[in-house]
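Okay, thanks for coming, everyone. I'll put the model up and then walk through a few spots in it.

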Amino acid sequence: MTVFFNKVLLVLPFVVIFAQVSVQRELNGKYTQEDAIDYLQSLESEYSRECNKQMTARWKYIVDVTPENEKESTRVTNVFLQYQSSVQQEIMSRYSNWPSFPNATVKRELKYLAIKGPATMEPFKVAEMNELSSHMESVYATATVCEYNDTQKCNLRLEPEIEQKLTSVTDYDELAHYWTAWHNVMGKAVTASNYTKFIVFQNEMARANNFTDMSQMWLEPYNDGSKGWAASNFKTEMIETWAKLKPMYRKLHAYVRMKLRKSYGRAPVYEGKIKKYGYIPAHLLGNMWAQDWSALDARTKPYADTPSLDATAALVQQNYTVLRIFQEADKFFQGLGLPPMTETFWKESMLERPKDREVVCHASAEDFCLGKGSEDFRIKMCTEVNMEDLITVHHEMGHIAYFMQYTDHHYAFRDGANPGFHEAIGDALALAVTTPKHLQCVLVTKTDINFLYLMALQKIAFFPFAISMDQWRWEVFGGTLKEEDYTRRWWELRKENQGIIPPEERHSSFDPAAKYHIVANVPYIRYFVSHILQFQFYEAMCVEAGEYRPNDPKSKPLYQCDFAGNKAAGKRLSNMMKLGFSKPWPEALEAITGSREMSIEPLLNYFTPLIQFFDEELAAAGESDCFGRDCQAVASEYINGHYEREASGYDNQGDFWLRQYESDTFRDEVTTLWETVRPLYEELYAYVRFRLRKTYPQIGASSPLPAHILGNMWAQSWENVYDKVLPYEGFPSFDITAALKEKFKPDLQGVRGMFWVADDFFVSTGLANVSMAYGDRAMVIKPENKSAVCHASAWDFCDKEDFRIKMCTNVDMEDFITIHHELGHIQYYIQYKDLPITLREGANPGFHEAIGDVIALSVATPKHMQKIGFLNATTPSDESTVNYLMKMALDKVAFLPFGFLIDSYRWKIFDGSITNGSYTYEWLKMRATFQGVVPPVARSEQDFDAGAKYHVPDDTPYVAYFVSYILQFQLHKVLCETAGELKKNPLYECDIYGNAAAGLKLKKILQSGSSKMWKDLLKEITGSPDLDATALLEYFQPLRKYLEDERQTHDYPLGWDATAFEDFYESNRHL
């Protein structure tokens, strides 16, 4: 439902000379206000005439879409816009002093005439912009898709065929077909690249009119005349208004979701397709864009046995025709004292879809610009005999009534007080038309609720789509959204605001093009505004008609008001409409409502009984009104805090955690990776057990290792037993702890020195200095006067400036490596800080954990340690290499089974495979199976041993660390290849310190954040989209050969008795 009065955005470079109005008088070199008044008066007839030519050509095109009509419409539109440009330039050259004029009306007219057109934009650029616009709109008008399961029938248009399918079909897959086909055909025809070109031209046009971008120019009509008004503030106000409306929308969403999930009509055809706290698939809501859900009314209404308030059946039964619907609407307007539709309206309007030609079916009202005394106003609509179109007819006729009321104004003022006013007029009247009273329904409580429900499916369901439309375009115009992210961001906003998801993943298609207002370049915030204003207008007219008394408990409710035939209400509306755009919109609002402020209170008041009904129904059914991230409020009430078990469309918490890995088979991929590295771990394990038996002779040759002897609380790192298992005594051990202690004191200054050394490595490759992260606001040593969580972590405070480390640093090699790990997080934060906030995270969680460790692989090499003075220079030997790789393996390889099992264990809890009563048993079993460790003493179900690991009680996913231990070697190899290191050194000796080429490749990863699919990014960097343990195995190959040789020499066994944990489990101490 769109108004196309005076639609002028584009122009072609035709050289046209217009006879400009001559104004001779000057005063001190400047034209006076009196001159301007004469100029504007003389200009009016000429401006109206040129606009009429443009509208006439456009009308011919939209009611008969042919290449010839499109070309002529484009030509005439450009002639008009060239004319507008000449007027703009004349105003700025002659009347640039207009802000000093005392007459507010003259100033307002000059101000807005000066921004109507392309101004000084170069004609050849405007030409291409216009061609792009015409192409996009033509594609929309002529696009067709194929019938479901019938590729031979491919002539289905959006209106009416596809829309009829979406409102009548219930089969999940068939609906998905029509939804997907339309989105695909439009995305391919329009293309994101063409749209980007169009946006560039739009912004240039805006800048030619002294706006920063087109979004600012679009919002100028909302300027309320107050000091300090800014488009940015208006955007914020609209987003904040949506936040106030969202609680009401969430209740509707939850109720509809419950109905769709449990039943659809009489059969639960969507069972398993919609989660209890999940998003609703967009194609199930009866509308291509999920902006109007009224098609669901008959199958989801609260009281199924109460007659429906959808008047479609009655219209058909009473043999209504399209013409009669328009005639009845005209009678309604006349009953309010408004003038009837003109003879030209009835003669020239297109009220039904013609059978002999293609047309632009999207309903619109057109003002043919003739100005004072005009009777040429028309509607273009492919009307069907149903209630939805009955309402649309009133909406479009509301535009016509507005045109007629302000037609005597000058051209600049023949417009709504702001764009939302124009959209609100017809809808305010339709609120009266659709009341049960007006439709001659008998009012009972159930009927009231059913009526309000139907209205909510139309009105409340619309708000999040409306805000998403222009929120998306504001980001596009503002340059914060890149072309490759168009569809991803589109669906982020749709999910966040509407709580919907597409029926399939959408990556390559340009989905915004599926909406008419995107391709036709029609601003959409007007509809959001209008859905607020219409309830204000409606309430004001109800009060004037005596149909509603605010604050009077004896008054009938607002939603029952019908002011049909009340001329006092019509007079109040007329007084507002006659102002057109001649006054700031708050004055027009005051003329009808008595208030200068937009307010959502009438809307909330209107739907109060329905919202109360929703609250009662949802509570009784045990439903929550959350979706996606909003489900945080449910967390504390959901079992074990794992509310995501059904939230956000995932079956359980494990699946929810794994969503960031963007693969349905990721668990299998991780398992495959573990099986790939397991032989290396088993060789390391067998060797360590063999060597530890010298210290602990009670350990059997094939027994599992006691977990407490491996130098780490969780046996995830074995570095602390390095001295006991050192392969070659007398050769360098590569532990630099002593050197660190000699150089750095264990105080703040000393610890910061360690951070500086680590920071220097990043800087040497061309990455950012991150000294703020260990500066005064950071915590890098344990506080003396207060308790603190010492677990090392890196913090992004989301303001693009504040990044900090929290760490109780010790002066030793382990913490020196950890510093690099944490600074890797900080470096990631800084590199992607300029992305939209939703994209400021790692490509997947494993990337974030890997980055610092990638650097640490270079840092830990003997070559680098010698380079920075922490290790004495020595000549490398096979023995020293094995010692070094053993040191690394006790950290990297020993970790792998623990990294794998933590979440493998929790995934089974989340999916119900492990239940309460066997938590400890299964924990011990998995540790014995994967790590080969057992506890030193008996354990029972009273001992929840898994909770001893920080990440378990903190509910932090852990598989990211396993991924990072694979990924860091994969990335390390690529960076080493880039640096040219592998031409002269094996992988384990590579050091990329000071190599800008490697730093540049690393920066590419970091700056991408999560803006790309991680597999796509990995393929760009490594050549393969898959995680691959090959680099890790290559890195440790010399050590693996040593281990295999040792096992053959000493004949100790591989493997361990994985059932031995049973000896340490006391089943009789179950909870």
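Let's start with helix α30, which is mostly covered: 17 of its 19 residues are buried. Before I go on, keep in mind that this is a predicted model. From its first C-alpha to its last, α30 reaches 27 Å, close to the 27 Å expected at 1.5 Å a residue. Have a look at the start of α30 too, where a side-chain oxygen of aspartate 812 comes to within 3.4 Å of the backbone nitrogen of glutamate 814.

Now, who sits on that helix? Histidine 821 does, as α30 runs over residues 813-831. UniProt, in an unreviewed entry, lists His821, His825 and Glu849 under "binding site". These three span 29 residues in sequence, yet no two of their C-alpha atoms are more than 7.3 Å apart, so they gather at one spot.

Is histidine 821 buried or exposed? Buried, because its relative accessible area is 12%, and the cut-off for buried is under 20%. Setting aside residues up to four places away in sequence, histidine 821 touches Glu849, Gly852 and Asp853.

Glutamate 849 comes from another stretch, helix α31, residues 845-859. Glutamate 849 counts as buried as well, at 12% relative accessibility. What does glutamate 849 touch, if we again skip residues up to four places away in sequence? The list is His821, His825, Ala960, Tyr961 and Ser964, so you can see both of the histidines from the UniProt listing in there. And between the side chains of glutamate 849 and histidine 821 there's a polar contact of 3.0 Å.

Okay, next spot. The unreviewed UniProt entry also lists His395, His399 and Glu423 for "binding site". These are spread over 29 residues of sequence but cluster in space, with a largest C-alpha distance of 7.4 Å. From this set, His395 is part of the lining of the second largest pocket.

Where do the two histidines sit? Histidine 395 is in helix α14, residues 387-406, and histidine 399 lies in α14 too. One general point helps when you look at them: an α-helix has 3.6 residues a turn, so residues three or four places apart point the same way. On burial, histidine 395 has a relative accessible area of 1%, while histidine 399 is at 0%. With the cut-off at under 20%, that's why histidine 395 is called buried, and histidine 399 is buried as well.

Let me move to a strand pair. Strand β3, residues 364-367, pairs with β4 in the antiparallel sense over 4 bridges. Alanine 365 stands opposite isoleucine 379 in β4. Which way do the side chains of β4 point? Phe377 and Ile379 go one way, Arg378 and Lys380 go the other way, and all are buried. That fits the general picture, in which side chains in a regular strand alternate between the two faces of the sheet.

Last one: histidine 283, in the loop between β2 (280-281) and α10 (297-300). Loop or not, histidine 283 is buried, with a relative accessible area of 2%. A polar atom of the histidine 283 side chain lies 3.4 Å from the backbone oxygen of tyrosine 172. Beyond its neighbours within four places in sequence, histidine 283 is in contact with Tyr172, Leu175, Ala176, Trp179 and Pro503.

That's my tour, folks.

Key:
Residues numbered from 1 in each chain as written. Predicted model: local features only at pLDDT ≥ 70, side-chain atom pairs only at ≥ 80, totals over all residues. Heavy atoms only, no water. UniProt positions renumbered as here; feature names shortened; annotations may be inferred. Helix = DSSP H or I, 4+ residues; strand = E, 2+ residues; numbered from the N terminus. Buried < 20%, exposed > 50% of the residue type's maximum accessible area, 1.4 Å probe, protein only. Contact = heavy atoms within 4.5 Å. Polar contact = N/O pair within 3.5 Å; in protein donor to acceptor, adjacent residues only side chain to side chain. 1 Å grid on protein atoms, 1.4 Å probe; cavity = no way out; pocket = protein on both sides within 12 Å on 5 of 7 lines; lining within 4 Å. Expected span 1.5 Å × (residues − 1). Pairing = 2+ DSSP bridges.
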